[in-house]
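The report below is meant to be read with the sequence and the coordinates side by side. It takes up the sheet and its helix, then the overall dimensions, and then the empty spaces.

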Amino acid sequence: YVVGVSTFLSWNKSNSSSLKETDYKTRECSFKYKAIKTLEDEILACAQSSEESTISPCIVAPGVLYGNGEDKSPEGLFSYFRDAFLCKPVQFLESKGVLPSLHVMDLAKILFHIQSEFPESPYILATDSSKGDSKKIAEEVSKILGSGETKQLPLDSIDALTGKWGNLEAAMFNKPIELGYVNGLEAKGMKWECKDGLAVNAGRVCKEYT
């Protein structure tokens, strides 16, 4: 088995009104994520590389990852927790819709289930059930960990364009994701850590940060 962990942003320019795992062959992305999509395709192609191939590939594309201390890369939400901890206004990018997200422990559990019982689908979209946008997440983190102050940044601001305060592509993402494989994991024994998302579980995630 070959399992690649990617990102939902390899779908960010798809034409469909909602994203479904079964549509992975027609997914499209912005130039920034072209190399990632190409690598995904190369992994998926392992299954067709020869008639005698015994390789079973699978791509897992999670939402923005959070939890267990926070990823310091521009792709994560580290700046929210850092600024709140320092009692500064938590700055966040204006959001076009719900921010797809997933706790890293839930990602680990999903990967465990994949290696325990390999799925039929070669492509899996993995997010929690959160309905919160960047604003709601910033407000909850700031309220629990900091001063309660937040500041929204326009998507055309210099800070947004340079990626200083979060992932611009994630903030602009506005397509609903229809989960397939992940929705069936509770019936197979998976116990979610943060099924309802970061905003609802901000108290727990802030403790993990500190």
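Which strands does helix H1 lie across, and at about what angle does the helix run to S3? In this predicted model, helix H1, made up of residues 34-44, lies across S1, S3 and S7, and its direction is at about 150° to that of S3.

The three strands beneath this question form an open sheet, in which the order is S1-S3-S7 and the pairing is parallel. Strand S1 (2-5) and strand S7 (123-126) each have a single partner strand and stand at the edges, so one side of each is left without a neighbour in the sheet. From one strand to the next, the twist averages 20°. Between S1 and strand S3, which covers residues 57-62, there are four bridges, and the two strands run parallel; within this part of the sheet, Gly 4 stands opposite Ile 59 in S3.

Turning to the whole chain, the secondary structure of the protein comes to seven helices and nine strands. Along its principal axes, the C-alpha trace spans about 60 × 40 × 25 Å. For 210 residues, a compact globule would have a radius of gyration near 17 Å, and because the protein chain has 18 Å, its value agrees with that expectation.

The empty spaces comprise both pockets and a cavity. A search of the whole structure finds one cavity of 30 Å³ or more, and the space in this largest cavity is about 100 Å³. The largest cavity is lined by 13 residues, and those closest to its centre are Leu 77, Tyr 80, Ser 134, Gly 166 and Asn 167. By class, its lining divides into eight nonpolar residues, four polar and one charged.

The two largest pockets are set out in the table, with their volumes, the number of lining residues and the residues that lie nearest the centre of each.

| Pocket | Volume | Lining | Nearest the centre |
|---|---|---|---|
| Largest pocket | about 290 Å³ | 17 residues | Val 98, Ser 130, Lys 131, Pro 176 and Ile 177 |
| Second largest pocket | about 240 Å³ | 15 residues | Ser 6, Thr 7, Gly 63, Leu 65 and Glu 75 |

How do the residues of the lining of the largest pocket divide into nonpolar, polar and charged? In the largest pocket, seven of the lining residues are nonpolar, six are polar and four are charged, whereas the lining of the second largest pocket has seven nonpolar, six polar and two charged residues. Lys 131 is one of the residues that lie nearest the centre of the largest pocket, and Glu 75 is among those nearest the centre of the second largest pocket.

Note on methods: Residues numbered from 1 in each chain as written. Predicted model: local features only at pLDDT ≥ 70, side-chain atom pairs only at ≥ 80, totals over all residues. Heavy atoms only, no water. 1 Å grid on protein atoms, 1.4 Å probe; cavity = no way out; pocket = protein on both sides within 12 Å on 5 of 7 lines; lining within 4 Å. Points joined across faces, edges and corners; volume = space filled by probe spheres on them. Nonpolar A, V, L, I, M, F, W, Y, C, P; charged D, E, K, R; others polar. Pairing = 2+ DSSP bridges. Axes fitted to C-alpha atoms, helices over the stretch in contact; angles between N-to-C directions. Contact = heavy atoms within 4.5 Å. Rg over C-alpha atoms; globule rule 2.2 N^0.38 Å.
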